[in-house]
Amino acid sequence: MNCPACRAEVESRPLHRYSTSQAAAHFCPPSRDADRFARLQAAVRRIWNADAAEVFVCQGCGFGFGWPHVGGDEEYYSILHEQAGYPSDRWEYRLTNSKVLSRWPAGGAILDVGTGDGSFLKRLGPAWTRHATEGSDTTRERLRREGIRCFGSTTDAVAEAAGTFQAVTMFQVLEHVAAFDDLLADCRSLLRPGGVIAISVPLAQAMFDQERLTGCQDMIPNHINKWSPEALAVVLRRAGFEPEPAIVEPGSVREGLYRASLMTRAQAASSPGSLASRAYGIRSRPARIAVLAALSGGNLLASLPSLPALMTGSSFLMIGHKPAPTG
Ligand SMILES: [Zn+2]
């Protein structure tokens, strides 16, 4: 097949092969919730239209991708989100303020693609007219009540508001989307000439390191795209943007603690009889969190020699410019 990013022929063997059972147990071990596990597995099988899928890495641009190259759908994410929450603060929010939005001291119009609970937009001052795309009806309704104008998709936004935005932001979205060329083309249409897009995604190398160091897979069909800065620059140029060099997230103790928790999760997903697996089955939430934290602390101590690698940043931000007409 061809690399979805740089389009070169990919001839290497797959990096991973996952069964639907592995893909479901990664997010919900059967010991935690057998019914939810079964529903998740059925959703993955439907998405793949097969009992297994693979991950390949392009030797040309470093892009990793799930194959078949198809992302999770609404049903898949509705099952995942029964347990997950959105982070309310991320390092790239501050960076986007200082590197992008500061170019317009008087503010302007901004669109945040796949905004989640709108935590980035809510941090902005009154100079910015806030817009978002969000797939969920209930989330859109809540965001509207909070003064954020919402579209169901970038396609809807292009129909109503092409060429109106100084800035388009897209945080931790592009790793989930198979049709990323169409999405970036929409973003370009939405920007004014001279406008700027800011994109953050997980860093492919950090994901591969995480798998090696923690045993916790960067599982498909959630992250079907594993972006290297080179791959993202290629697709941004193809969409008509001029990309700046990537800015990689700084390392932190928080990353180290998070990766220790991933080790615990990997143990639970891979061995049903393990302590970690049984811990996920504890019904009382405070007790479950306490036991999982203790197990993660043990994992962190056991991997002290790899601590610097465990603490490295896991995402990068890339800024792209929509050229202004010259002459
Ligand atoms: Zn490639």
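## What counts as a donor

Donors are N, O and S atoms within 2.8 Å of the metal (3.2 Å for Na, K and Ca), and since water is not among the atoms, sites may look incomplete. With that in hand, let us meet the zinc site and then walk through the rest of the structure.

This is a predicted model, in which local features need pLDDT of at least 70 and side-chain atom pairs count only at pLDDT 80 or more, while totals for chains, interfaces and linings use all residues. Residues are numbered from 1 along each chain as its sequence is written, and side-chain values use heavy atoms, with hydrogens and water left out.

## The zinc site

Which atoms hold the zinc ion? Its coordination comes from the SG atoms of Cys3, Cys6, Cys58 and Cys61, at 2.3 to 2.4 Å. Along the chain, these donors follow the spacing C-x2-C-x51-C-x2-C. Cysteine 6 sits in the segment before strand E1 (16-19) and cysteine 58 in the loop between strand E2 (52-57) and strand E3 (64-67), so the pair ties together parts that are 52 residues apart in sequence. Helices (H or I, at least four residues) and strands (E, at least two) are DSSP runs, numbered from the N terminus.

The arrangement is tetrahedral because the four donor atoms around the zinc ion subtend angles of 105 to 115 degrees. Four donors earn that word if all angles lie between 85 and 135 degrees. Are these cysteines buried or exposed? Cysteine 58 is buried, with a relative accessible area of 2%, whereas cysteine 6 is partly exposed, at 25%. Here buried means under 20% relative accessible area, exposed over 50%, and partly exposed in between (1.4 Å probe, protein chains only).

## The largest nonpolar core

A nonpolar core is a set of buried Ala, Val, Leu, Ile, Met, Phe, Trp, Tyr and Cys residues joined through side-chain atoms within 4.5 Å. The largest one here has 41 residues, and Met170, Leu174, Ile197, Trp227 and Leu232 touch the most other members. Among the elements that each supply at least two residues of this core are strand E4 (108-113), strand E7 (165-171), helix H8 (180-190), strand E8 (191-202), helix H10 (229-238) and strand E12 (315-321). In soluble globular proteins, nonpolar side chains tend to be buried together.

Leucine 232 gives a closer view. Contact means heavy atoms within 4.5 Å. Beyond its neighbours within four places in sequence, leucine 232 is in contact with Leu174, Ile199, Val201, Trp227, Phe316 and Met318.

## Buried residues elsewhere

Helix H4 (residues 91-99) has Trp91, Glu92, Tyr93, Leu95 and Thr96 as buried residues. These pack against H5, E7, E8, strand E11 (247-248) and E12.

Threonine 115 belongs to the loop between E4 and helix H5 (119-122), and is buried, with a relative accessible area of 8%. Setting aside neighbours within four places in sequence, its contacts are Leu121, Ala132, Thr133, Glu134 and Leu143. Phenylalanine 208 lies in helix H9 and is buried too, with a relative accessible area of 17%. Leaving aside neighbours within four places in sequence, phenylalanine 208 is in contact with Leu15, Val57, Gly64 and Lys226.

## A pocket

The second largest pocket holds about 240 Å³ of space. A pocket, on a 1 Å grid over the protein atoms alone, is an open set of points where a 1.4 Å probe fits, with protein on both sides within 12 Å along at least five of seven lines; lining residues have an atom within 4 Å of a point. Grid points are joined across faces, edges and corners, and a volume is the space filled by probe spheres set on the points.

Of the 16 lining residues, Gln22, Ala25, Ala266, Ala269 and Ser270 lie nearest the centre. The elements giving two or more residues to this lining are helix H1 (20-27) and helix H11 (253-270), and H11 gives the most, with four residues.

## Backbone details

Most residues other than glycine have a negative phi, and most peptide bonds are trans. The bond from tryptophan 67 to proline 68 is cis, with omega near 10 degrees, and proline 68 lies in the loop between E3 and helix H3 (74-80). Another cis peptide bond joins isoleucine 220 and proline 221, with omega about 0 degrees.

Asparagine 49 has a positive phi, near 55 degrees, and is exposed at 70% relative accessibility. Glutamine 172 also has a positive phi near 55 degrees, but glutamine 172 is buried, with a relative accessible area of 18%.

Terms used
Tetrahedral: all angles 85-135°; square planar, octahedral: opposite > 155°, others 65-115°.
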